[in-house]
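This report introduces the enclosed and open spaces of a protein model and the ligand found with it. Please look at the sequence and the structure before reading on.

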Amino acid sequence: MTYQGLIHRYGHLLDLPAHTQNISLLEGNTPLIPMPRLSAEFGCELSIKFEGLNPTGSFKDRGMTAAISEAVGRGAQTVICASTGNTAASAAAYAARAGLRAIVLIPEGKVAAGKLAGAIAYGAEVIQIQGSFDDALTLVVEITQKTPIALVNSINPYRVEGQKTSAFEICDVMGFAPDWLCLPVGNAGNITAYWAGFKQYEKGLPRILGVQAAGAAPLVLGHPVEKPETIATAIRIGKPARGEQALEAAEQSNGRIIAVTDAEILEAQRILASEGVWVEPASAAGLAGLRAESARGTFDARGKKIVVVCTGHGLKDPSVITDLFSSPKIIPANYEALLSVIGA
Ligand code: AN7
């Protein structure tokens, strides 16, 4: 049968109310891409769960199909979220699909171009906050407590329900859970969802390596970060809404949450792209964490099955590449010039 989206495929395993009306863009069913060179380097079987191939280019679509489907079923007319960008684009797309009004609050000047453009293209009302993601989240929580507007951040339990499906897919493809799952951690909805998903699916439990950016690492420092800063703007979050659950997932899985520098993130992004998988900076944090741990000798990858979750597509944040890396050479449009520049 042709693929009909996540609620169709896994809805019976998700705790969604009876009033839920399926709103889908055929999200999910993303590839688990084997990475032969990285596998050889670490002596393991390493695969990328490439969540950048969802309809709006990030894993957020898994949770959003569930949250919007529930909101529509209960008669909501307007949805709102705070976002570092990907949630905004996803909420905008699913709200558009459902015919709902979408309002998204983003931190001024700190959202990658592809995400902002997406939110606008799908027709959301985009509002920039003179503050951080955390300030924006506080505002949307307050307004949804006082008005009928529906909250679609991952505080909304249906977001987490939808996002469990990635754990199910990994087990379905591999036949069992991997030994390790490495992923970025921002507001901590995704790590919470993966852990819940693996526990529920009963195909074994991975150890979880959650990775934050060093300038936005509240779960590593053990306290909120007032002014989070990182090139990985997706995870520029100082007060994760599901921080406690993230720490629990790490502890219960016998894993951990660590921090990596922006330089380590960019290097991991480059390495992934050099093997054909271009992801946005935050999405490279999982591999950056694995490399950092390996280099310190605190992570023995040998013989292990490792899944690295790449949460968003590289196209989301093109300026990271065009600003920081060398731009194309410019030559006159003639054969001699071409020959001299390529040195053939
Ligand atoms: C690419 O879009 O928080 O730990 O508002 O976009 O579940 O928050 C995005 C988060 C990882 C972190 N990778 O996931 C938002 C937002 C990418 C992301 C994360 C985000 P969570």
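The text below treats the cavity, then the ligand, then the largest pocket.

The model is predicted, and its local features are described only where pLDDT is at least 70. A general remark may help at the outset: rolling a probe the size of a water molecule over the atoms shows where empty space is left.

**The cavity**

The structure contains one cavity of 30 Å³ or more. The space in the largest cavity amounts to about 310 Å³. Its lining is made up of 26 residues, and those closest to the centre are F59, K60, G186, N187 and A234. Two or more residues of this lining come from each of helix 4 (86-98), helix 7 (157-163) and helix 9 (189-201). Helix 9 contributes the most, with three residues. Sorted by class, the lining of the largest cavity holds ten nonpolar, twelve polar and four charged residues.

**The ligand**

Where does the ligand sit? The ligand occupies the largest cavity. Helix 4 and helix 9 are the elements that give two or more residues to the shell around the ligand. There are 23 residues around the ligand, and N86, T87, G186, N187 and T311 come nearest. This shell divides into nine nonpolar, twelve polar and two charged residues.

Oxygen atoms of the ligand also lie at short listed distances from polar backbone atoms of the protein, as the table sets out.

| Residue | Protein atom | Ligand atom | Distance |
|---|---|---|---|
| T84 | backbone N or O | oxygen | 2.8 Å |
| N187 | polar backbone atom | oxygen | 2.7 Å |
| A188 | polar backbone atom | oxygen | 2.8 Å |

Taken alone, the ligand exposes 470 Å², and the protein buries 99% of that area. N187 thus appears in several places: among the residues closest to the centre of the largest cavity, among those nearest the ligand, and in a backbone pairing at 2.7 Å from a ligand oxygen atom. G186 is likewise named both for the centre of the cavity and for the nearest surroundings of the ligand.

**The largest pocket**

Which residues lie nearest the centre of the largest pocket? They are I231, T233, D317, S319 and V320, out of 14 residues that line this pocket. The volume of the largest pocket is about 180 Å³. Its lining consists of five nonpolar, four polar and five charged residues.

Methods: Residues are numbered from 1 along each chain as its sequence is written. This is a predicted model: local features need pLDDT of at least 70, side-chain atom pairs count only at pLDDT 80 or more; totals for chains, interfaces and linings use all residues. Side-chain values use heavy atoms; hydrogens and water are left out. On a 1 Å grid over the protein atoms alone, a cavity is a set of points where a 1.4 Å probe fits but cannot get out, and a pocket is an open set with protein on both sides within 12 Å along at least five of seven lines; lining residues have an atom within 4 Å of a point. Grid points are joined across faces, edges and corners, and a volume is the space filled by probe spheres set on the points. Helices (H or I, at least four residues) and strands (E, at least two) are DSSP runs, numbered from the N terminus. Ala, Val, Leu, Ile, Met, Phe, Trp, Tyr, Cys and Pro count as nonpolar, Asp, Glu, Lys and Arg as charged, and the others, Gly among them, as polar. A residue is near a molecule or strand if one of its heavy atoms lies within 4 Å of it. A polar contact is a pair of N or O atoms within 3.5 Å; within protein, one must be able to donate a hydrogen and the other to accept it, and residues adjacent in sequence count only if both atoms are side-chain atoms. Accessible areas come from the Shrake-Rupley method with a 1.4 Å probe; for residues, only the protein chains shown count as cover. A molecule sits in a cavity or pocket if more than half of its atoms lie within 2 Å of its grid points.
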